[in-house]
Every structure is written in structure tokens, then in C-alpha cells.
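The following exercises are intended for a reader who meets this structure for the first time. Each task is followed by a solution that proceeds step by step.

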Amino acid sequence: EQFKTTQLLEFAACSSRVWGVSPQARTFILSAINTSLVNGTRFSVATAIALSRVGATSGSPKEVTMRSELDLSDLTLRRLYNAIALQEVYNVTATDEDAPIAGTVPATEPPRANGTAAPLPPEEPFDPTAPIPLGALYDPFVFNKPSGVESLTVANGAPVPGDMATCALVLASNETDFAGETWCIRCNPLFVGGNTPNGDPDEYPATGCIDGDRQCTANDNYEQNPIEGLFDTSPFVVAVSDPVPQDSNFLPNVGIIALYTTFILTLWTIIRGKVTGYSHRIVMQQLAHPQPLAELVSYIYLVRSVGDPKDDLELEELLYFELLDLIRGPDTMLHKTGFRMDDYDADGKFAPSYEINL
């Protein structure tokens, strides 16, 4: 456990793109929400968190996407309907004299099947700038193992209510131009003051518990006392990673076949060339006294160089045949050139007793 690494990964709260939905698409979304409210059908939002890992075992992906799905309650759907509908009303330039002022337009409840409006929730009239609570949106706790990645929900077999990230949805508009809309997700932090301690016990009450300066109490347990209603933190993930042996990127990039061909096969070819046929070459390479063999070769060279081409040709051939007979018989070569064990004298010193004079 002491070798595990804990990381806090924080994501951008708002989308980097403007929600450029067409009026027809907006009408379709509002109609889908209304249909879900009228018929009591399921309306859900899907969450996908992409994680990139530095290390993994062979066969395990380094790019992992964790997906979850949350069914929205009727109250959340009504607030979402109002947010989209009111933003549609504000979708004009601020210089337009007929443009309504934010907050002055009453909440527009989705109509029922009979055309009447649904009853307003107790906290209405609706505030278009307020976050829309979604509930337990996703599991922020992730176990990063060499063989794969799994959430705390998967590890336990069921969601743990206190460990789920409760988030809210905000359809934010530019303060001066309501034509630009961006979806934002804001979540409740693990502790009062945020997910990262700032060292000030007044602003971050859990500082003493985290630093070990005091005994942790039930108030510091985010599972028993989850924070609700703040929605002041961007989406986050707490990843607990097991140690993974780090290897170079050479093998994954080059491949095992290229590695075998380049190094192992080449090295084996060189070694095989050095040792192949050594049992036959040892008769000529490991001679104790090569003087007789060297003299025979020098005689052949001498007859060929200075002898009479006609009269000494037979002598050269006889010397050559004698050389062949000598080489063909390892026993004859051994007796003519001596034993290697004679290279050591009676005192055990290496003292070869031959000289080669060509």
C-alpha cells in the first residue's frame, strides 16, 4: 500500500465550445423532455471520462474511457426545460430594445398532454442562472492497476452513495451577448473549502485531519457527511495507481519481431560463424610444435620458386601429397607437431619450446 500513488485529476468545468444548437434542435430537445415528463419515461445523461495511463502490462490499453449513466428526476427535467426555454427567449442581442432582461421572464413549465402547465416546484419561480442539480453523476474514485482500470463502484459491485460525485448542470451565457451558450458542470468537493487543502483551518476545516495534527472525526468523513449544494468545484477524479515497472518505448515501437531479427538473429549468426567447424580447425590451429609443418610448406614454396619447372615438378607434387597425408590424419599431425601438454615445464611454467623460422 505504501508504494501506491494517489492523484487528484481536475477537469475544466465548462465546455470549450459554444452550444451552437439550431432552433429546430432546441425545440426537439424541449419536446423530448416534455414527453418524458408526461409519459413518465426514462431520460438520462451519459458521462464519459477518458484517462491516459503512462504504464500498463502487456495487452492492457493505456487509453481508458470510463462511462456511466444517470436517470434524471422529474424536478431536474423541469429545471432543465426552463433553462433551455429561457435561454431561447434570451437568444437575442443585448442592444435590442425589445430584449427581455434576465430574471424578469417567469418560468415556463413544460405543458401537459391536455395543454395545461405543470405545477411549479416549491422553489420556483425559476432562476435561469442557478445550477441544476443532477444528483450522483459519476464515481470519482478510480483504481489504476497494471492490468486495467476500474472504479470504486465496479470494485465494490455497487455504487457507494457517499463516494459518488454530486454535480449540477449550468447553461451559461455571455453577460453581454446572450447568443453564446456554454454547458458547464460543477460538482461538490470532497471537503469544505475544496479538494486541495490550503493550510488554513478556518477555510479548510479538514486540514488538521489530513495533516495528522488532530484526530479525524465523523465531520471529516466525506462518505458520512457529503457536501451538498455548493457546486463550486470542477469535475475531478481521484486515481489510486499501483506501481508499474517502467520500460523504454523501444520494444513497443519497434516490435518483438524486429528486435529478434536485428539483435538476436544477428548475434547468433556471428557466434555460429565463430564456432562452426571449430572441431575440424582445432587440428590446425592448436599445434604444440608447428615447425615440421611450417618447414614442409616452406619446401613446397622453395621448389616452386627456384626449382626447374621440368625436373622439380615431380618433387613439388610429392611434397604437396605429403602435406595432404599429414593433414588428413589427426594422429599423424599429433605425433609430428607434439602435444600441447608439453608446453609446461616440470615447474608448471608455460614455456613453449618451438620457434618458427621461415
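**Exercise 1: Two helix pairs**

Helix 9 and helix 10 are roughly perpendicular to each other. The model under study is a predicted one.

*Task.* Determine at what angle helix 9 and helix 10 pack, and which residues meet.

*Solution.* Step one is the geometry: helix 9 and helix 10 (residues 330-337) pack at an angle of about 105°, and their axes lie 5 Å apart. Step two is the classification: angles from 65 to 115 degrees count as roughly perpendicular, and the pair is therefore described as roughly perpendicular. Step three is the contact itself, where Leu326, Ile327 and Arg328 of helix 9 meet Pro330, Thr332, Met333 and Lys336 of helix 10. By class, this contact holds four nonpolar, one polar and two charged residues.

*Task.* Establish how helix 8 and helix 9 are oriented: roughly parallel or roughly antiparallel?

*Solution.* Begin with the angle: helix 8 (residues 291-306) and helix 9 (residues 313-328) pack at about 155°, with 9 Å between their axes. Angles over 145 degrees count as roughly antiparallel, and helix 8 and helix 9 are therefore roughly antiparallel to each other. The crossing of these two helices is left-handed. Next, list the residues in contact. Helix 8 contributes Leu293, Leu296, Val297, Tyr299, Ile300, Val303 and Arg304. They meet Leu315, Glu316, Leu319, Tyr320, Glu322, Leu323 and Leu326 of helix 9. Sorted by class, the contact of helix 8 with helix 9 comprises eleven nonpolar, no polar and three charged residues.

**Exercise 2: The four-stranded sheet**

*Task.* State the order of the strands in the open sheet of four strands, and identify its edge strands.

*Solution.* The strands follow the order 1-9-5-6, and their pairing is mixed. Strand 1 (5-10) and strand 6 (148-151) are the edge strands, since each pairs on one side only. From one strand to the next, the twist averages 25°.

*Task.* Describe how strand 5 pairs with strand 9 and with strand 6.

*Solution.* Consider strand 9 before strand 6. Strand 5 (residues 141-145) and strand 9 (residues 236-241) run parallel and are joined by four bridges. Within this pairing, Phe143 has Val240 in strand 9 as its bridge partner. Turn next to strand 6: four bridges also join strand 5 to strand 6, but these strands run antiparallel. Here Val142 stands opposite Ser151 in strand 6. Strand 5 and strand 6 form a hairpin, with two residues between them.

**Exercise 3: Individual residues**

*Task.* Is Thr47 buried or exposed? Name its contacts beyond its neighbours within four places in sequence.

*Solution.* Thr47 is found in strand 2 (residues 44-52). Its relative accessible area is 15%. Residues under 20% count as buried, so Thr47 is buried. Leaving aside neighbours within four places in sequence, Thr47 is in contact with Met66, Arg67, Ser68, Leu137 and Tyr138.

*Task.* Apply the reasoning to Thr153: is this residue buried or exposed?

*Solution.* Thr153 is found in helix 3 (residues 152-156). Its relative accessibility is 19%, and Thr153 therefore counts as buried. Not counting residues up to four places away in sequence, Thr153 touches Asp139, Ala158, Pro159 and Met164.

*Task.* Locate Phe231, and state what is notable about its phi.

*Solution.* Phe231 is found in the loop between helix 4 (207-211) and strand 9. Most residues other than glycine have a negative phi. Phe231 is not a glycine, yet its phi is positive, at about 50°. With a relative accessible area of 13%, Phe231 is buried.

*Task.* How many residues apart in sequence are Leu30 and Asn82, and what separates them in space?

*Solution.* Leu30 is found in helix 1 (residues 23-39) and counts as buried, at 10% relative accessibility. Leu30 and Asn82 are 52 residues apart in sequence, and their C-alpha atoms are 9.1 Å apart in space.

**Exercise 4: The whole protein**

*Task.* Give the numbers of helices and strands, and the percentage of residues that count as buried.

*Solution.* The secondary structure comes to ten helices and nine strands. The protein has 358 residues, of which 31% count as buried. Among contacts with a separation of 6 or more, 65% involve residues 24 or more positions apart.

How values were computed:
Residues numbered from 1 in each chain as written. Predicted model: local features only at pLDDT ≥ 70, side-chain atom pairs only at ≥ 80, totals over all residues. Heavy atoms only, no water. Axes fitted to C-alpha atoms, helices over the stretch in contact; angles between N-to-C directions. Parallel < 35°, antiparallel > 145°, perpendicular 65-115°, else oblique. Left-handed = near helix turned anticlockwise from the far one by under 90°. Contact = heavy atoms within 4.5 Å. Nonpolar A, V, L, I, M, F, W, Y, C, P; charged D, E, K, R; others polar. Pairing = 2+ DSSP bridges. Buried < 20%, exposed > 50% of the residue type's maximum accessible area, 1.4 Å probe, protein only.
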